Amino acid sequence: MLTLAGVGKRYRRRSVLAALDLALARGEIVGLLGPNGSGKTTTLRIAAGYAWPDSGEVRLAGEVFDPDQATLRARIGYLPERVPLYDPFTVGEYLDFVAAARGLHGPSRASAVARVIAAFELDAVRTRVIGRLSKGFRQRIGLAQALVGEPDVLLLDEPTNGLDPFQILEARRMIRAAARGRGVIFSTHILQEVAALCTRVVYLHEGRLVELAVDGRDAGLEVRLARASLDAVRARVHALDPAIELRSAEALGEDRHRLVFDLGRAGVARAELVRLLAEFADLESVGEATPDIEQALNAALAAQARGAAA
Amino acid sequence: MRGFVTLFARELRHYFVTPIACVVIAVFWAASGFFFSFNALFVAAPDMVSAFHNMSLLLMLMMPLVTMRTLAEERSGDTLELLLTLPVGEAAIVAAKYLALLVILVLMLAGSTLAVIPLALYGTPDYGPILGGYLGVFLLGAAFAAVGLAASSCAANQVVAAVLTWALLLLMWFVDYAAALDGAGGAVRWLQHVSFSVQYLDLIRGVLTRGAVVWFGSVIAVGMVVATQVLRARRA
């Protein structure tokens, strides 16, 4: 649906994105993680047509998205990091303006506005001036404008930024509902946000994307030990193969008999690893490990650190 | 230009949901009325040439107050990101904003037409030069608006946009003074041709020369092109 291929972007001398590849399919909610300044906003701006890449291309439904393709922008809903609202306007006037600018006229415009007002529960404030509304409502209006006209792709830049915990839960519910039938990319710093919403997670590091394994699609290996010292086994495993890495260091605290391996990174086959472990300890059970988002992120960061050191 | 009508309607509405337009228009009417009345009662016989002269100076003072928000406010309020990701082109955004400015300009000048009533009641005015004078002042104001729009596209702050516009307008008003410098040589004629203060003298007498129309039309065109290109550059 939306494809960024080899996208590069520089601001003055600083390279923000370097040959970034990202494909978004219908029904996907892709979480875009990364530290401040990693290029998340730039990625979304390029995907939304607000900024243009220095290299590479953006395609929407197979068509190249270039500066003169204004019509393609109607198929993208975009919520920037700072919600773009006209404070003197009422909620209804603002959403009506966005609908008209998206090329909707007459009854279809009225119904498009009515749909988002209902979806985001804005009916009570429809005639209120935006400038006098709370942050939660302002964020809702921002989400609503992104969805006016039923765009195929929804791009959300830190959509829950600055909201209180209750508003965050509400915003998540709305994003989940909004994602039906379209592709969504959203950026955030909050790992729980990603775990709660996303079908896929990518981590932006030094201008490149690293796909994170979540949802058990790239399951690791979880080994529970009946006896023997965990530390000894760990040391032994390291001694056997330095490439094998413990993914779940925090498990050592509460549960000293649990080891989690990232098979993809360990460089050994599952059977081979189990055989090696069995030589040094009594294995109680061996099963699939589903890494959570934090473990996946830690693994990706560790791999990058190794790559940089090499 | 896709989205032009929508953007124009929004822009015009924005002027009237905030007090900006009403205040500027009211002050312009009051000031131009005051100068006309003062001139008629205490200085000389009432005529529209001096009224147009005062209107021109008032426009130079007040137009930047209207134009300063056009694009600078969109930028500082983060709504420029919304506009540039909607399916509308940069040229449509600039043209819509410019047309809304012209509507404000027409409303400013419309109130001043009340001055013609006493002239008609107590004399026999020649309406041709008056109409020509209004067209001339409108052309001058339209050029000010284009300069202000271009300045607003370059600034992220409305005050900076206003000050930049005043600086540009003053420069273009007094540029012919440079002709008095030794060594101006062949540039004298050119400097006088591009000076607002030289060009407007014919306009306020109701004489629309081809040169003046071409010059002010060029200023308007350059202002709009600059604003459009600055918006395009924002995407880079």
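Over the ring of which residue does the charged end of Arg69(B) sit? The ring belongs to Tyr15(B), and the charged end lies 4.8 Å from its centre. This is a predicted model. The report covers rings and charges, then the contact between the chains, then two loop residues of chain A.

**Chain A in outline**

Chain A has 310 residues, and 50% of them are buried. Its secondary structure consists of 11 helices and 13 strands. Contacts across the sequence can be sorted by separation. Take those in chain A between residues at least 6 apart in sequence: 70% of them join residues at least 24 apart.

**Rings and charges**

Over all chains, the count is 12 aromatic pairs. One of them joins Tyr86(A) and Phe89(A), in a tilted arrangement. Another joins Phe34(B) and Phe35(B), edge-to-face. A pair of aromatic rings is described by the distance of the centres and the angle of the planes. The table gives both values.

| Aromatic pair | Centre to centre | Angle between planes | Arrangement |
|---|---|---|---|
| Tyr86(A) and Phe89(A) | 5.8 Å | 40° | tilted |
| Phe34(B) and Phe35(B) | 5.5 Å | 65° | edge-to-face |

Tyr86(A) and Phe89(A) are both buried. Phe35(B) has a relative accessibility of 34%, so it counts as partly exposed. The cut-offs behind this are under 20% for buried and over 50% for exposed.

Tyr86(A) and Phe89(A) also belong to one aromatic cluster, together with Tyr94(A) and Phe97(A). Phe97(A) has a partner from the other chain. The charged end of Arg10(B) sits over the Phe97(A) ring, 5.6 Å from its centre.

**Where chain A meets chain B**

How many residues does the contact take from chain A, and how many from chain B? Chain A gives 31 residues and chain B gives 25 residues. About 2500 Å² is buried between the two chains. Carbon and sulfur atoms give 61% of that area.

Polar links are present too. Between chain A and chain B there are 3 salt bridges. One of them pairs Arg13(B) with Glu93(A), with 2.2 Å between the closest N and O atoms. The two chains also share 8 residue pairs in polar contact, counting residues at pLDDT 80 or more.

On the side of chain A that touches chain B, three elements give two or more residues: β1 (2-11), α1 (40-48) and α2 (91-101). The largest share of that side comes from α2(A), with 6 residues.

**Two loop residues of chain A**

Tyr50(A) lies in the loop between α1 and β4 (55-60) of chain A. Is Tyr50(A) buried or exposed? Tyr50(A) is buried, because its relative accessible area is 11% and the cut-off for buried is under 20%. Leaving out residues up to four places away in sequence, Tyr50(A) touches Arg45(A) and several residues of chain B. Those chain B residues are Leu80(B), Glu81(B), Leu84(B), Thr85(B), Arg234(B) and Arg235(B). Within chain A, Tyr50(A) and Arg73(A) are 23 residues apart in sequence. Their C-alpha atoms are 9.6 Å apart in space.

Thr90(A) is in the loop between β6 (76-79) and α2 of chain A. Thr90(A) has a relative accessible area of 17%, so it too is buried. What does Thr90(A) touch, not counting residues up to four places away in sequence? The partners are Arg126(A), Thr127(A), Arg128(A), Val129(A) and Ile130(A).

Methods. Residues numbered from 1 in each chain as written. Chains lettered and ligands numbered in written order. Predicted model: local features only at pLDDT ≥ 70, side-chain atom pairs only at ≥ 80, totals over all residues. Heavy atoms only, no water. Phe/Tyr/Trp six-rings, centres within 6.5 Å; stacked < 30°, edge-to-face > 60°. Buried < 20%, exposed > 50% of the residue type's maximum accessible area, 1.4 Å probe, protein only. Lys NZ or Arg CZ within 6 Å of the ring centre and 35° of its normal. Contact = heavy atoms within 4.5 Å. Buried area = accessible area lost by both parts, 1.4 Å probe. Salt bridge = Lys/Arg side-chain N within 4 Å of Asp/Glu carboxyl O. Polar contact = N/O pair within 3.5 Å; in protein donor to acceptor, adjacent residues only side chain to side chain. Helix = DSSP H or I, 4+ residues; strand = E, 2+ residues; numbered from the N terminus.
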